[in-house]
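Welcome! Here are a few short exercises to work through with the structure in view. Try each one yourself before reading its solution.

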Amino acid sequence: GEDGESVVLLDQTRLPGRVEYRTVRDLKEMVEAIRTLRVRGAPAIGVFAGFCLSALARQMERAGLDTPGLLRELDRKGKILVSSRPTAVNLSWAVERMMDRASGLAGGAPEELAAALEAESRAIRREDEEMCRAIAEHGLSLLKAGDGVLTHCNAGPLATSRYGTALGPILLAGERGIPLRVFADETRPLLQGARLTAWELHQAGVDVTLICDNMASMVMKNGWVQACFVGCDRVAANGDTANKIGTSGLAVLARYYNVPFYVLGPTSTIDLECPTGADIPIEERDRDEGRTLYGTRTAPESVEVCNPAFDVTPHSLVTGIITEKGVIY
């Protein structure tokens, strides 16, 4: 925000019907924005967390907190932010980075600390933009004019700073006049593919066709797609990848139909502390996401629902991981 004490975000839960910006000032609103997916997409959550800590530090500095008190409070609030969504590693990565920067200034004035955190949060965003651009270039090198690409969930500009990860190569192709055709999985239960990916690509003038999740097999069988491009929320040290629920099923289909399956994400999404996919915590979300569709009941109210937000694709099904540094096969 203008005052340096708030964060302004595009509310992704209102898209595509309404383009609405929200301003959050306190920790409770920040956590709510992450939990309810007003801000979502692993890199975007990391950038948002950086801005949140910067805003909170500025508030505390202006309220007259001394440096030790500010650091203590920031650490406490940072931990609460991290707990708001467990699967994406970018959230904890950004908070840790901000806290490292802060603790390096433990001897300085509160004003100095707040200014340094603001600069650091802007650096996180700028680096994310640069990473997305590089990922887009590397991803585009694997495609040729006329190719069909299948996407799942949303890993476009809304989920990052610019270009996106999985959508980056497609948007870059559009800028360069290289024709591609995209099939976007709707991505149940919250329809990020339909509401966000299809909206972003349509806005950008890309040839996009929306499909229900259970149509992907037919699209591959018909030979309409030459690659699958998906984002990632965490990559384990062995290459196992957590991404939006339904990604692993897509990878199984891709293997059967011999369609290359690429995971796109910045190196900050690779968690070397996490040996395999079995060690990635999977977020369970509200049962009602499966029993309703935008307020309309679609199943018995008391029926049990299994609602994991992510699944893990084993590295054996991944053709390559595309990062800002290149393609890892």
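Helices here are DSSP runs of H or I with at least four residues, numbered from the N terminus. Keep in mind that this is a predicted model.

**Exercise 1.** Find which helix holds Glu61, and decide whether Glu61 is buried or exposed.

*Solution.* Start with the position: Glu61 lies in helix H2, which covers residues 42-62. Next, look at its relative accessible area, which is 17%. Buried means under 20%, so Glu61 counts as buried. Finally, look for its partners: leaving aside residues up to four places away in sequence, Glu61 touches Leu70, Pro110, Glu111 and Ala114.

**Exercise 2.** Work out why Cys212 and Cys306 form no disulfide.

*Solution.* Begin with the cut-off: a disulfide needs two cysteine sulfur atoms within 2.5 Å. For Cys212, the closest cysteine sulfur belongs to Cys153 and is 15 Å away, so a bond is ruled out. For Cys306, the closest cysteine sulfur is also in Cys153, at 17 Å, which is too far as well. A search of the whole structure agrees, finding zero disulfides. As an extra step, check accessibility: Cys212 is partly exposed at 30%, while Cys306 is exposed at 67%.

**Exercise 3.** Identify which residues form a nonpolar patch on the surface with Val8.

*Solution.* First locate Val8, which sits in strand S1, residues 7-10. Then check its relative accessibility: at 45%, Val8 is partly exposed. Its patch partners are Val19 and Tyr21, and together the three have about 320 Å² of accessible area.

How values were computed. Residues numbered from 1 in each chain as written. Predicted model: local features only at pLDDT ≥ 70, side-chain atom pairs only at ≥ 80, totals over all residues. Heavy atoms only, no water. Helix = DSSP H or I, 4+ residues; strand = E, 2+ residues; numbered from the N terminus. Buried < 20%, exposed > 50% of the residue type's maximum accessible area, 1.4 Å probe, protein only. Contact = heavy atoms within 4.5 Å. Patch = residues over 30% accessible without salt bridge, like charges linked within 9 Å, V, L, I, M, F, W, Y side chains within 5 Å. Areas by Shrake-Rupley, 256 points an atom, 1.4 Å probe, with all protein chains shown as cover. Salt bridge = Lys/Arg side-chain N within 4 Å of Asp/Glu carboxyl O.
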